[in-house]
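Hi everyone, thanks for making time this morning. I'd like to walk you through a structure, so please have the sequence and the 3D view open as I talk.

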Amino acid sequence: MTDQELNNILSMSNLSVRLQNLSESATIAMSAKARELKSKGVDVISLSLGEPDFKTPEYIQEAAKNAIDSGDYFAYPPVPGYADLRETIAKKFREQNNLKSSANNIVVSTGAKQSIANVMLSLVDPGDEVIILSPYWVSYSDIVKVAEGKPVMVSGSLENDFKANASQLEEAISDKTKLMIFSSPCNPTGSVFSKEELEAMAKVLNKYPDIMVISDEIYEHINFSGKHYSIGALPGMQDRTITVNGVSKAFAMTGWRIGFITAPEWVAKACSKIQGQFTSGASSISQRAALAALEGDLSPTREMADEYLARRNMVYDLLQDIPGVKSYMPGGAFYFFPDVSSFFGSSDGERTIENATDMSMYLLEKYQVSVVTGEAFGAPNCIGLSYAASREQLVEALSRIKTAFSKLE
Ligand code: PLP
């Protein structure tokens, strides 16, 4: 069954309006398409998913094996996470992020994605507005919609490295604003908010004490632009910031599915209540692995970050060499988000590229490189590429992209 046929059936069926309003995650959809082509023997290079291409470090694998061998971790774990893991996470937030945190503030979930969904469902009532700094991670707006809230986008532009600023934020605030959410380092742009930029936002937010903030810091350790700052540590922000993090990106543990928050205790309790009804505690063995990850030093993380930095510099040079592509130097994460709008309206003689979605399809179907359309991230002039791929693959992918663009006139 094609996607179109499936969508037709979905729209005719008895599914809830909530579900029908939900988009499929664009990054997951693009990766599924790339996988399907690969399974047919097509040589696809996938730059569409935010997935480290490293293996989980061995000491973490060992901790999981030991947890299984001990026989002590086969029962339901506590809903908000094992006590020792929550203590360790709270310590991490205190020491690395300058946040006031203790085990009571921590909820461990099945990935940062669930952490964010828990918070949204705990705080957002139908009709509440949630400010999303844009370009934004694909799932934010759909999670807001599941909670029946209204996403309000505040957009940065390529000229300021895609970072929305404090006065734009203030303009977007209304008496319905409940929450603001953003990521730094950011997916999809790789931009990192500086301390000054966060302070300016906190200054605005301090005029509106009822607005809560979700600060998604999942790429904290993949930061090439100096120190990482948490908005929750700034004056006035501690009691209304939920800081989200996890082990997926820093420790190459996407499949283990462990994310966590530190939040004011009333929010942590609410998240635990929701999680208790939906999924219960996160996988026991994965929690033991996450504990080992967080107790270890950060040397494997730093090694991975060094490699990402080398790739970032390489991809930047390769992008600079492609006429018509506008880019900037991302300060963290592992993404580029170039503007390809100069090609809109052009054709290779067979198909016309009207927008970023056409462009990503053109690159996949004719040049076997999978990227994501910026439309899914609130930036219709851009395409998103992840450089969590080997240097060889990146060189080959960028060469294919260069050829693909050179055919467009
Ligand atoms: N937040 C951002 C900005 C992400 O890019 C991702 C994953 O791509 C997540 C959260 C989800 O992470 P997890 O694997 O912990 O669910």
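Let me begin with a question: in what order do the 3 strands of the open sheet with antiparallel pairing come? The order is β9-β14-β13. At the edges sit β9 (335-336) and β13 (372-373), and each of these pairs on one side only. Between β13 and β14, which covers residues 383-386, there are 2 bridges, and the two strands run antiparallel. If you would like a residue pair to click on, take Thr373, whose bridge partner in β14 is Ile383. As a general reminder, strands of a sheet pair through backbone hydrogen bonds, and they do this either parallel or antiparallel.

Before I go on, please keep in mind that this is a predicted model.

Now let's turn to strand β3, residues 129-134. How many of its residues are buried? The count is 6 of 6, so the strand is mostly covered, with buried here meaning under 20% relative accessible area. Look at the two faces of β3: Glu129, Ile131 and Leu133 point one way, while Val130, Ile132 and Ser134 point the other way. Both sets are buried, and that includes Glu129 and Ser134.

Who are the neighbours of β3? One is strand β4, residues 150-155, which runs parallel to β3 and is joined to it by 6 bridges. Within that pairing, Ile132 has Met153 of β4 as its bridge partner. Strand β5, residues 177-183, also runs parallel to β3, with 4 bridges between them. There, Glu129 stands opposite Thr177 in β5. To get from β3 to β4, follow helix α7, residues 139-146: β3, α7 and β4 together make a right-handed β-α-β unit.

While we are in this part of the chain, have a look at the loop between α7 and β4, where Glu148 is found. Its phi is near 65°, a positive value in a residue other than glycine. Is Glu148 buried, exposed or partly exposed? It counts as partly exposed, because its relative accessibility is 41%. A second residue with this feature is Phe162, in the loop between β4 and α8 (166-172). Phe162 also has phi near 65°, again positive in a residue other than glycine. Phe162, however, is buried, because its relative accessible area is 8%.

On to the part I suspect many of you came for, the ligand. Which residues are around it? They are Gly111, Ala112, Lys113, Trp137, Tyr140, Asn187, Asp216, Ile218, Tyr219, Ser248, Lys249 and Arg257. Three side chains deserve a closer look. A polar side-chain atom of Asn187 lies 2.7 Å from a ligand oxygen, and Tyr219 likewise places a polar side-chain atom 2.7 Å from an oxygen atom of the ligand. For Arg257, the distance from a polar side-chain atom to a ligand oxygen is 2.8 Å. Overall, the protein covers 93% of the 400 Å² of accessible area that the ligand has on its own.

Let me stay with Asn187 for a moment, since its backbone is worth a look too. A cis peptide bond joins Asn187 and Pro188, with omega about 25°. Pro188 is found in the loop between β5 and α9. In that loop we also find Pro185, and the peptide bond from Ser184 to Pro185 is cis as well, with omega near -10°.

Ala112, which was on the ligand list, brings us to helix α6, residues 112-123. This helix has 12 residues and reaches 17 Å from its first C-alpha to its last, close to the expected 16 Å. Several of its residues are buried, among them Ala112, Ile116, Val119 and Leu123. In general, residues three or four places apart in an α-helix point the same way, because there are 3.6 residues a turn.

Two last stops. In helix α11, residues 284-295, find Ser286. Why does Ser286 count as buried? Because its relative accessibility is 8%, and the cut-off is under 20%. Its side chain reaches the backbone oxygen of Trp256 at 2.9 Å. Finally, Leu398 lies in helix α14, residues 391-406, and counts as buried at 3% relative accessibility. The C-alpha atoms of Leu398 and Gly232 are 38 Å from each other, with the two positions 166 residues apart along the chain.

Thanks for listening, and I'm happy to go back to any of these spots.

Definitions and conventions: Residues numbered from 1 in each chain as written. Predicted model: local features only at pLDDT ≥ 70, side-chain atom pairs only at ≥ 80, totals over all residues. Heavy atoms only, no water. Buried < 20%, exposed > 50% of the residue type's maximum accessible area, 1.4 Å probe, protein only. Pairing = 2+ DSSP bridges. Right-handed = clockwise from strand over helix to strand, strands pointing away. Near = heavy atom within 4 Å. Polar contact = N/O pair within 3.5 Å; in protein donor to acceptor, adjacent residues only side chain to side chain. Areas by Shrake-Rupley, 256 points an atom, 1.4 Å probe, with all protein chains shown as cover. Expected span 1.5 Å × (residues − 1).
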